[in-house]
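Colleague: Could you walk me through this one? I would like to start with the overall fold.

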There are 2 protein chains.
Amino acid sequence: MSSETVKVSKARDKLLATATEIFYAEGVNSVGVDRVIAEAGVTRATMYRHFPSKQILVTTYIQEADRAVREHVGALLTSDRTPADMLRAIAENIAEEINFSHFRGCAFLNAAAEFPDPGNPVHKAVLAHRAWFLETILGLFDQIDRDSSDDAGRRFVMLRDGAMAAGCLAEPKQVSRTFLRAVDALLS
Amino acid sequence: MSSETVKVSKARDKLLATATEIFYAEGVNSVGVDRVIAEAGVTRATMYRHFPSKQILVTTYIQEADRAVREHVGALLTSDRTPADMLRAIAENIAEEINFSHFRGCAFLNAAAEFPDPGNPVHKAVLAHRAWFLETILGLFDQIDRDSSDDAGRRFVMLRDGAMAAGCLAEPKQVSRTFLRAVDALLS
DNA sequence: CCTCAAGTAGAACGATCGGTCTCTTTCATT
DNA sequence: AATGAAAGAGACCGATCGTTCTACTTGAGG
């Protein structure tokens, strides 16, 4: 291979991409491994080689989503914006996501609804993601105004959760509009 | 019987109460009808007499939750409060619910996450509930200030959704506190 | 050339799923 | 006392679930 460890596995990538798509669109418990295997175009044995159980596949799906969001937000944090503009950018990203045609709500909230047991690895992964997100938002608000940062930051996250949850249960345009306005009010 | 149509069915009531408890606590797709039957202390045949399919049982569970909320809020609406105080009372009810020891999030949002298909009866029931709730809240804000009512009302619902979604994924006390403060800010 | 991991192909496992069936018992209403 | 709906008890169905298995093929690296 050209460089070291670049080639992971074509089958594994397809498997995870397919699982992500179907799990997000239809829910985790509503989809069997047969569906994932069939639509990924691989074999049972291949799937179980890379993901020894469905539990692991689902957990990987959530952890990968977590990683992607962290990467995206992380890039924003290193840009030369003011903290307020960073928050605005994050809010706009959320609004865009809600308006995406295949938007089905927050992958993490949906997963938590399907796995309410706090001991479940998927549930834990969701909590880990949310803890990171809240801390990140609180950190940004802290740079704006140390006194009101806690309340404003938590309000921001609450609006995000509400917008993401309602985004696929109402008109997305309306929801994202309400969300962006509320965030604007929070930042002035 | 003492009066007309008071006696519905002891078994049916127990069945629905048990289903409500387990479905809400553990998720609908994670619980089989065997669990419901066993914990309700009834027979398979009895369950299928009252609820010809699991789908119907689940739909009834959501519709009953809908009815209960409408009844509770409806009682508030006929009390002699100002519209703003009615909204405050509704918000306080939500905050109390979040602090309830067995709180596992919004039953409607959780159900929607498990049944994303818009054609599913359960999904439809959730949409119906949410449409009623939004309209009710908008109506109250409309009585306060006709100009800003739409935005404020939608913001109220968005905060509610966020609070209910996050209430079991973080410290409930903190979440309900943030929610009530945000509502207070919205009403002044 | 040989090796060995990765992938294909598909049968098969026990468990559980939602749902149907028959038979008996209870019990309030006529 | 007779009737019939409601409920109990439990066997049974086909389908699907997640999972394991064996056997064959491919392809890149030593």
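Modeller: In chain A, among contacts between residues at least 6 apart in sequence, 64% join residues at least 24 apart. Two residues are in contact if their C-beta atoms, placed from the backbone, lie within 7 Å. This is a predicted model, where local features need pLDDT of at least 70, side-chain atom pairs count only at pLDDT 80 or more, and totals for chains, interfaces and linings use all residues. Residues are numbered from 1 along each chain as its sequence is written, while chains are lettered from A and ligands numbered from 1 in the order in which they are written.

Colleague: How many helices and strands does chain A have?

Modeller: Chain A has nine helices and zero strands. Helices (H or I, at least four residues) and strands (E, at least two) are DSSP runs, numbered from the N terminus.

Colleague: And what does chain A span along its principal axes?

Modeller: The C-alpha trace of chain A spans about 55 × 40 × 35 Å. Of the 188 residues in chain A, 37% count as buried. Buried means that 20 or more other C-beta atoms lie within 10 Å of the residue's own, exposed means 12 or fewer, and partly exposed is in between, with C-beta atoms placed from the backbone.

Colleague: How is chain B laid on chain A?

Modeller: A turn of 180° with a shift of 0.0 Å along the axis lays chain B on chain A with an RMSD of 0.0 Å. That is the relation of a two-fold axis. The superposition is by least squares on the C-alpha atoms of residues with pLDDT of at least 70 in both copies.

Colleague: Which residue of chain B comes closest to the rotation axis?

Modeller: Gly162(B), with its C-alpha at 1.9 Å. The same surface serves both copies, as 100% of the contact residues of chain B recur in chain A.

Colleague: How many residues does the contact take?

Modeller: It takes 31 residues from chain B and 31 residues from chain A. On the side of chain B that touches chain A, the largest share, 11 residues, comes from H8(B). That side has 14 nonpolar, seven polar and 10 charged residues. Here Ala, Val, Leu, Ile, Met, Phe, Trp, Tyr, Cys and Pro count as nonpolar, Asp, Glu, Lys and Arg as charged, and the others, Gly among them, as polar.

Colleague: Is H8(B) enclosed, or is it exposed?

Modeller: H8(B) is largely enclosed by the rest of the structure, because 15 of its 18 residues are buried.

Colleague: Which residues touch the most other members of the largest nonpolar core?

Modeller: Phe179(A) and Phe179(B), in a core of 102 residues. A nonpolar core is a set of buried Ala, Val, Leu, Ile, Met, Phe, Trp, Tyr and Cys residues joined through C-beta atoms within 7 Å. Not counting residues up to four places away in sequence, Phe179(A) touches Ala91(A), Ile94(A), Ala95(A), Leu159(A), Ala163(A) and Met158(B).

Colleague: Changing topic, which residues come nearest to DNA strand D?

Modeller: Gly32(A), Ser53(A), Lys54(A), Ser9(B) and Val42(B), of the 20 residues around that strand. A residue is near a strand if its C-beta atom, placed from the backbone, lies within 6 Å of it. H3(B) gives the most to this surface, with four residues.

Colleague: And what about DNA strand C, which residues are closest?

Modeller: Ala11(A), Thr46(A), Gly32(B), Ser53(B) and Lys54(B) are the closest of the 19 residues that surround DNA strand C. The largest share of the surface near DNA strand C, four residues, comes from H3(A).
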